[in-house]
Amino acid sequence: MEILNKIQMHREEEGRLKWEGTFAEYLDILRERPEVAQTAHSRIYNMIKDAGVEEVDGQKRYKFFENQIFGLEDALERLVEEYFHSAARRLDVKKRILLLMGPVSGGKSTLVTMLKRGLEEYSRTDRGAVYAIKGCPMHEDPLHLIPHHMRSDFYDEFGIRIEGSLSPLNVMRLEKEYGGKIEDVMVERVVLSEDKRVGVGTFSPSDPKSQDIADLTGSIDFSTIAEYGSESDPRAYRFDGELNKANRGIMEFQEMLKCDEKFLWHLLSLTQEGNFKAGRFALISADEMIVAHTNEAEYKSFISNKKNEALHSRIIVMPIPYNLRVSEEERIYEKMIKESDIGDVHIAPHALKIAAIFTILTRLKDSQNGSVDALKKLKLYDGQNVEGFSSQDVEELKKEYADEGMEGIDPRYVINRISSAIIRKELTTVNALDVLRSIKDGLDQHASISKEDRERYLNFISVARKEYDEIAKKEVQKAFVYSYEESAKTLMDNYLDNVEAYCNKNKLRDPLTGEEMNPDEKLMRSIEEQIGISENAKKAFREEILIRISAYARKGKKFDYNSHERLREAIQKKLFADLKDVVKITTSTKTPDENQLKKVNEVIARLVDEHGYNTASANDLLKYVGSLLNR
Ligand SMILES: Nc1ncnc2c1ncn2[C@@H]1O[C@H](COP(=O)(O)OP(=O)(O)OP(=O)(O)O)[C@@H](O)[C@H]1O
Ligand SMILES: [Mg+2]
């Protein structure tokens, strides 16, 4: 039984991770592996770095976030470099609360959860190991035992800087349990775990009236006061607030700005110097990253309040905008669908892409450059080739707005609409049209959409729909040609031979009879007309193509079907024009004859085998394209 084996292996691993020894023995570990003594911030940064970092076009890609977070490369690079990296180097930023600010369902919680789960895993590795004073409810750093006046000597010997003071509880334990002998204090390895409340915490605000600061900093344990005689005996205190428990790791502060103002003040004064106050004790040093999240509206109202100015300076805000790339948005949907209960429904090819086109359009801001409409911008952002634009133009576009992606439709809405279409109609197959229809129906119910936005969004639905129409037509037409690429290549080679002969005023040789012939003007024109090249412009166009071919040849590159955007378009249109009648008749007759039926079945088989359809969605597609072509 596989699972029982795994359970046993897990138990063995837990055993292997156990370590316990005296402080003196702990120092031996430090001598060999000083990284064990790193701060929480540094551990988090190293966790991300150890997973692997790649650089693509000058941009950092972190493997740590791969397959979970899509399209947020810019935001992640900023977060890791500006916050995690500086904080890891013990700069002042680590004393500040990290506030992720972004629109709803933009991946903030996902990101924080990844950090938390990641840190739990990392603490099980050698490089991420965490050691703590044994029996301490805050898993305090053993190095706090070293008195302040000896710390520079310690630095000279170990090269490790110590921050923070021994907590009141351990000051007392050192005296009472170990008679002041630091070297005898027991140290143990701890594995961080949110479930066990070790080094990972979550705090979410409840009703402001009943919210108690004790949730953060712990509280007096009244049942033990009698035993210890005083409220200021640390043994009569429960260090079990979220800030205590998250020591050495990370604390997530959900909906921070929803917290009552007074409470927030209290919290921020607690965290500002890397320590906080609990009960009647001296300050407690906290070694933990505090990460909070909020949306833009809340954040704006927070900073517009003058009273919050001081707090504001103790927060580092990192924007987490929506993804703005269609292909990445598709991956988000795929991931969310896989995690949902509609995972086994067949989603026809392009359905998610079309939904993503709609969604991204709602997030983009109009460019100031008049020649870039919304759809062009969307394609450029997605890294597609758009005739007349370069990657430099994309950079320029991105610079136009610093705060793009903070508004628009969120991914959860799209997934909800897809599920709703499936459930309501008991569908087993969903195509792009079903999705668009459901999105449209849902706009009325979407709470936060203004009347103008609604108009804009309806317009985007028709833009997305038009994109789908083009894709659908191409897909079917391609499936009608036995081998589309091959046919396109043959037609293009044929065209190029003729163009070459025409420009060089040569003759061509008939491959069968060997006879000399003039270039086939009719063939060339039938292709050129597809992209509107007039009789007067044909010579220039043909010469331009020859120049392109020789430029390719000089660089040793092969000129092929994809080397000239407009020529490719012309060839494709020509192929489709030749096919159009066949496709039109075959897809729309109510009573197909034997030949047509055979053709239809062939096409459906090709759509299923090569393009990811199932029989039902392929049939839908054919019917739809038939109706488009007959318009
Ligand atoms: N850029 C993204 N990459 C991957 N998944 C994403 C992305 N944006 C959103 N998601 C997905 O959308 C869903 C909602 O995201 P999440 O709950 O993390 O958002 P949030 O910003 O915390 O939202 P809220 O403000 O509502 O709390 C999740 O399933 C998440 O995986
Ligand atoms: Mg959230």
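1. Let's start with a small hairpin. Strand 2 (residues 53-56) and strand 3 (residues 59-62) run antiparallel to each other and pair over four bridges. Find E55 and look across: K60 in strand 3 stands opposite. The hairpin has two residues between its strands, and D57 takes a positive phi near 45° there. Before you go on, keep in mind that this is a predicted model.

2. While you have strand 3 on screen, follow the chain onwards. Which residue in the loop between strand 3 and helix 4 should you look at? It's N67, which sits in that loop. N67 has a positive phi of about 65°, although this residue is not a glycine.

3. K505 belongs in your notes too. You'll find K505 in the loop between helix 21 (484-503) and strand 17 (508-509). Here phi is positive as well, at about 50°, and K505 is not a glycine. Is K505 buried or exposed? With a relative accessibility of 72%, K505 counts as exposed, because the cut-off for that label is over 50%.

4. Now for the charged pairs. Side chains of opposite charge can pair when their charged atoms come close. How many salt bridges does a search of the whole structure find? The search turns up 45 of them. I've picked out a few for you to look up.

5. Take E20 and K134 to begin with. Their side chains meet in a salt bridge, with 3.2 Å from N to O. The pair links distant parts of the chain: E20 is in strand 1 (residues 20-22), while K134 is in the loop between strand 5 (130-133) and helix 6 (151-158), and 114 residues separate them. How accessible are the two partners? E20 has a relative accessible area of 44%, so E20 is partly exposed. K134 comes out at 29%, so K134 also counts as partly exposed.

6. Next, find E73 and R325. They form a salt bridge whose closest N and O atoms are 3.6 Å apart. E73 lies in helix 4 (residues 73-88) and R325 in the loop between strand 14 (315-319) and helix 14 (326-338), so this pair ties together parts that are 252 residues apart in sequence. Check the burial of each partner here. E73 has a relative accessible area of 14%, and buried means under 20%, so E73 is buried. R325, at 22%, is partly exposed.

7. The pair R542 and E521 deserves a look as well. Their closest N and O atoms are 3.1 Å apart, and the two residues form a salt bridge. R542 is in helix 23 (residues 538-554) and E521 is in helix 22 (residues 521-528), so the bridge ties together parts that are 21 residues apart in sequence. Why is R542 called buried? Because its relative accessible area is 0%. E521, on the other hand, counts as partly exposed at 28%. There's a bigger picture to draw around this pair: salt bridges that share partners join E521, R525, E528, E535, K538 and R542 into one network.

8. On to ligand 1. Which residues are the closest to it? They are S105, K108, S109, T110 and K335, and 17 residues surround the ligand in total. By class, that shell has eight nonpolar, six polar and three charged residues. Helix 5 (108-122), helix 14 and helix 18 (411-425) each supply at least two residues of the shell.

9. Zoom in on the oxygen atoms of ligand 1. One oxygen atom is 2.7 Å from a polar backbone atom of S105. With S109, the contact is made by a polar side-chain atom, which lies 2.6 Å from an oxygen atom of the ligand. K335 also uses its side chain: an N or O atom there is 2.7 Å from an oxygen atom of ligand 1. How much of the ligand does the protein cover? On its own, ligand 1 has 630 Å² of accessible area, and the protein covers 86% of that.

10. Finish with T110, one of the closest residues to ligand 1. T110 lies in helix 5. Its relative accessible area is 30%, so T110 is partly exposed. If you'd like a distance to try out on screen, go from T110 to K196: these two are 86 residues apart in sequence and 21 Å apart in space, C-alpha to C-alpha.

Notes. Residues numbered from 1 in each chain as written. Chains lettered and ligands numbered in written order. Predicted model: local features only at pLDDT ≥ 70, side-chain atom pairs only at ≥ 80, totals over all residues. Heavy atoms only, no water. Salt bridge = Lys/Arg side-chain N within 4 Å of Asp/Glu carboxyl O. Buried < 20%, exposed > 50% of the residue type's maximum accessible area, 1.4 Å probe, protein only. Pairing = 2+ DSSP bridges. Near = heavy atom within 4 Å. Polar contact = N/O pair within 3.5 Å; in protein donor to acceptor, adjacent residues only side chain to side chain. Areas by Shrake-Rupley, 256 points an atom, 1.4 Å probe, with all protein chains shown as cover. Nonpolar A, V, L, I, M, F, W, Y, C, P; charged D, E, K, R; others polar.
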